[in-house]
Amino acid sequence: MFDKIINRRGSNAIKWQVQPGELPMWIADMDFATAPAVVAAMQAKINSGVFGYEEVPAAYFTAVADWYGARHQKRPDPAWMSFASGVMPAIGAMIRQLTQPGDQIVVQAPVYNMFFSTIAENGRTAASADLSYDPQTARYAIDFDRLESVLAQPASTLMLLCNPHNPIGKAWSKAELTQIATLCVKHHVRLIADEIHGDLVFGEPAYTPVFSLPDELRANSIVCVSPSKTFNLAGIHAATVIVPDAALHAQVDRALATTQVAEPNALATTATIAAYTQGGQWLDALKAQLTTNRQTLATVLATALPSVRLASENATYLAWLDISQVSEDSAAFCQWLRAETGLILAAGAGYHGNGNHFLRLNLACPPQMLDDGLQRLVAGVTKYSHAS
């Protein structure tokens, strides 16, 4: 199921706008076909031949609720939910609604690069409480004193949380999330959690949805989820915003309506319902393949590339690679690697924090494609090190 190489060249895929011989392993979409049940549901919709205006049916919200109840042991009330055409469009809309120009939006760098661009494009300022990094263990942690000092600043009115965290590939524990949410309440900072990678967690700590926290914490929180990463449906443009507090929910609905990101395209609800009601077995198989791919990467680094360390932990299909022993300029190294080997990775500098010493590699691809990419990485690093 996951060993077939799909030729995406010429398909208008952003990832595959590359030169002959190049191998893109950077942007966060998978080189796997989505679940057959999702394809079948969309095909049936297409066969109707009619693609008029649509509204979001109750079955959509029920499907989301049931999925989280079954997969993550916490079923959100469908009444808490609103549809949006994507997590980042929703976050941009909520930033404009819930904050004022010049306000600080708190983040934890290195973190998803779109956080920074969305904050800036909406006239707000990113204030990072950088994650602490231990180069001996290649592991990140939250510096809660640093986080509280940033949250306590008068200009801080909103926090964007990545749970699980991209790009470091780490699922935050329930205790960590509780402490973050508690600090946000203490300092009157709204919390928005981007939980788009929540289904892709391997081992402990398990993914904990922020809406599963105690009432007084989730009342100050907004959670954004989507099938896009789980089922490789980014181009379908469907997300769900979960807001337990009624007054805050009304503000969010106003934001989504004002910016016109609350209406579905013709396939958005169809694909989402099929994914969440019929995609469980496919996801289990996907996670098994991703586990194998993660093990392959770890083995190659340990045996053939000890100068590169795997700094990601137990979440996402994105590997965060510490190249500080190879280069201190990830952007320049990525350009060199592409020119010399054709391998295209994401430079960590775009994620801020200490990202300039890191690369992000997408390992959600057939095993033979991963092998090709890792061979290019080994050859490139070896050549670069010898030339330095």
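Let's start at strand β12, residues 318-322, which is mostly covered: five of its five residues are buried. This is a predicted model, so please read everything here in that light. In a regular strand, side chains alternate between the two faces of the sheet. In β12, L318, W320 and D322 point one way while A319 and L321 point the other way, and all are buried.

Now look at the neighbours of this strand. β12 pairs with β15 (residues 358-362) in the antiparallel sense, over five bridges, and here D322 stands opposite F358. Strand β11, residues 309-310, also runs antiparallel to β12 and is joined to it by two bridges; in that pairing L310 stands opposite L321.

From the strands, let's move to the nonpolar interior. In soluble globular proteins, nonpolar side chains tend to be buried together. Here the largest nonpolar core has 105 residues, and L147, M159 and L377 have the most contacts inside it. Helix α2 (residues 58-72) gives this core its largest share, seven residues. Leaving aside residues up to four places away in sequence, L147 touches V106, Q108, A129, I142, M159, I180 and L183. Apart from this core lies another, of 31 residues, including V107, A109, V243 and V261.

Finally, what about the cysteines? The count of disulfides comes to zero. C162 is in none, as its nearest cysteine sulfur, that of C224, is 11 Å away; C162 is also buried, with a relative accessible area of 2%. C184 cannot form a bond either, because its sulfur is 14 Å from the closest cysteine sulfur, in C224, whereas a disulfide needs the two sulfurs within 2.5 Å. C184 counts as buried too, at 0% relative accessibility.

Key:
Residues numbered from 1 in each chain as written. Predicted model: local features only at pLDDT ≥ 70, side-chain atom pairs only at ≥ 80, totals over all residues. Heavy atoms only, no water. Buried < 20%, exposed > 50% of the residue type's maximum accessible area, 1.4 Å probe, protein only. Core = buried A, V, L, I, M, F, W, Y, C linked by side-chain atoms within 4.5 Å. Helix = DSSP H or I, 4+ residues; strand = E, 2+ residues; numbered from the N terminus. Contact = heavy atoms within 4.5 Å. Pairing = 2+ DSSP bridges.
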